[in-house]
Structures are given as C-alpha cells and as structure tokens.
Amino acid sequence: IEFIFEKVLDQIRKHETHLVEVMLSELEKIEGIQIYGPKDPQKQAAVISINVAGEDPSKISYILDKDFDIAVRSGLHCAPMAHQTIGTFGRGTVRFSFGYFTTEEEVYKGIDALKQICKRIR
C-alpha cells in the first residue's frame, strides 16, 4: 500500500494503459488473432484476452511458456458467464496481464512470440 501511495495511482494507470495501447495496436496487425474486450486502451483494464486462429488457448499458453518463456493464463479465468457472453465458453481465451513492473520490451516480446506462433499455424 505504501508503494502504491508513493507511486500515485495515476502513474501506475498511465503506465499500464500505455502497455495495453502498444499491445492492442500491434495485435490488430497480426492475422489470426481474435481480440476480446474494448479496443480503446482508456476503457480497458491492464488485461487483454485473445485467441489464435481457432487454436486451443491452453495449447497457445503452453507454447508461449515452453518456447518463449512468457507466462499467460488460459481458460475461463474463473468467469464462465463472461465467456458465455463473448462466445468463448468451453474453451476460454489466452490472457495477457500487465502491471507496473511490466516493461514495453516484455510486451514486444509477447507480440513477436504471437507473430511466430501464427506463422507456424498457417
């Protein structure tokens, strides 16, 4: 709590919003990526859910971890009703989460990994 008050919530939100903006902007350019949720970084939490070319989200999560050392979550994320709403119930999504200590370099690493995965699938 001291850290949060020290850094000021606005600084933390500004950093996370920037990372979301970078990720969303780059994901839009990758063929085969389905993005769920608002495309406006100002209306988006520091969490982005995607799917890749109809592939199982757990498979994509596994590849990101094993081949690229990138930790994401896959599945229904304890929100099955949300997944019913967006049409992903049963398989879920791959979820990227950003925080104050996430760097822009790490975001680009995730983007590059997804580009490589999409190329493999095609």
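**Exercise 1. Count the salt bridges in this predicted model and classify the partners of each pair discussed by their accessibility.**

Solution. The total is four salt bridges, where a side-chain nitrogen of Lys or Arg must lie within 4 Å of a carboxyl oxygen of Asp or Glu.

Step 1. Glu 26 pairs with Lys 29, and their closest N and O atoms are 3.0 Å apart. The relative accessibility of Glu 26 is 14%, so this residue counts as buried. Lys 29, at 60%, counts as exposed.

Step 2. Another bridge links the side chains of Glu 55 and Lys 59, with an N to O distance of 2.9 Å. Glu 55 has 19% relative accessibility; because buried means under 20%, Glu 55 counts as buried. Lys 59 is partly exposed, with a relative accessible area of 41%.

Step 3. Lys 66 and Asp 67 also meet through their side chains, at 3.8 Å from N to O. Lys 66 counts as exposed at 55% relative accessibility, and Asp 67 as partly exposed at 36%. Through shared partners, salt bridges join Lys 66, Asp 67 and Arg 120 into one network.

**Exercise 2. Determine which residues of α3 are buried, and where they lie around the helix axis.**

Solution. Step 1. Establish the geometry of the helix. α3 has twelve residues, and the distance from its first C-alpha to its last is 16 Å, close to the 16 Å expected at 1.5 Å a residue.

Step 2. List the buried positions. These are Pro 57, Ile 60, Ser 61, Ile 63, Leu 64 and Phe 68. Viewed down the axis of α3, the buried residues fall within an arc of 160°, so they line one face of the helix.

Step 3. Inspect the face turned away from the buried side. That face of α3 carries the exposed residues Tyr 62 and Lys 66. Lys 66 is also the partner of Asp 67 in the salt bridge of Exercise 1.

Step 4. Identify the cover. The elements that cover the buried residues of α3 include the strands β2 (47-52), β3 and β4 (93-97), together with helix α5 (104-121).

**Exercise 3. Find where the non-glycine residues Asp 69 and Cys 78, each with a positive phi, are located, and decide whether each is buried or exposed.**

Solution. Step 1. Asp 69 has a positive phi of about 55° although it is not a glycine. Asp 69 follows α3 and belongs to the loop between α3 (57-68) and β3 (73-75). Its relative accessibility is 64%, and Asp 69 therefore counts as exposed.

Step 2. For Cys 78, phi is likewise positive, near 55°. Cys 78 lies in the loop between β3 and α4 (80-86). At 84% relative accessibility, Cys 78 counts as exposed.

**Exercise 4. Describe the surroundings of Val 20 and Leu 24 in helix α2.**

Solution. Step 1. Place the residues. Val 20 is found in α2, which spans residues 9-27, and Leu 24 lies in α2 as well. Val 20 counts as buried at 0% relative accessibility, and Leu 24 is buried with a relative accessible area of 4%.

Step 2. List the contacts, leaving aside neighbours within four places in sequence. Val 20 is in contact with Pro 41, Gln 44, Ala 45, Ala 46, Ile 48 and Phe 98. Leu 24 is in contact with Ile 35, Pro 38, Lys 39, Pro 41 and Ile 48. Pro 41 and Ile 48 appear in both lists.

Step 3. Set sequence separation beside spatial separation. Val 20 and Glu 104 are 84 residues apart in sequence, and their C-alpha atoms are 9.7 Å apart in space. Leu 24 and His 83 are 59 residues apart in sequence, with 20 Å between their C-alpha atoms.

**Exercise 5. State which residues make the nonpolar surface patch of about 420 Å², and characterise Phe 3.**

Solution. Step 1. The patch is made by Phe 3, Ile 4, Leu 9 and Phe 101.

Step 2. Phe 3 is found in helix α1, residues 2-7. With 32% relative accessibility, Phe 3 counts as partly exposed. This value is consistent with membership of the patch, because patch residues must have over 30% relative accessible area.

Methods
Residues numbered from 1 in each chain as written. Predicted model: local features only at pLDDT ≥ 70, side-chain atom pairs only at ≥ 80, totals over all residues. Heavy atoms only, no water. Buried < 20%, exposed > 50% of the residue type's maximum accessible area, 1.4 Å probe, protein only. Patch = residues over 30% accessible without salt bridge, like charges linked within 9 Å, V, L, I, M, F, W, Y side chains within 5 Å. Areas by Shrake-Rupley, 256 points an atom, 1.4 Å probe, with all protein chains shown as cover. Helix = DSSP H or I, 4+ residues; strand = E, 2+ residues; numbered from the N terminus. Expected span 1.5 Å × (residues − 1). Arc of directions from axis to C-beta. Contact = heavy atoms within 4.5 Å.
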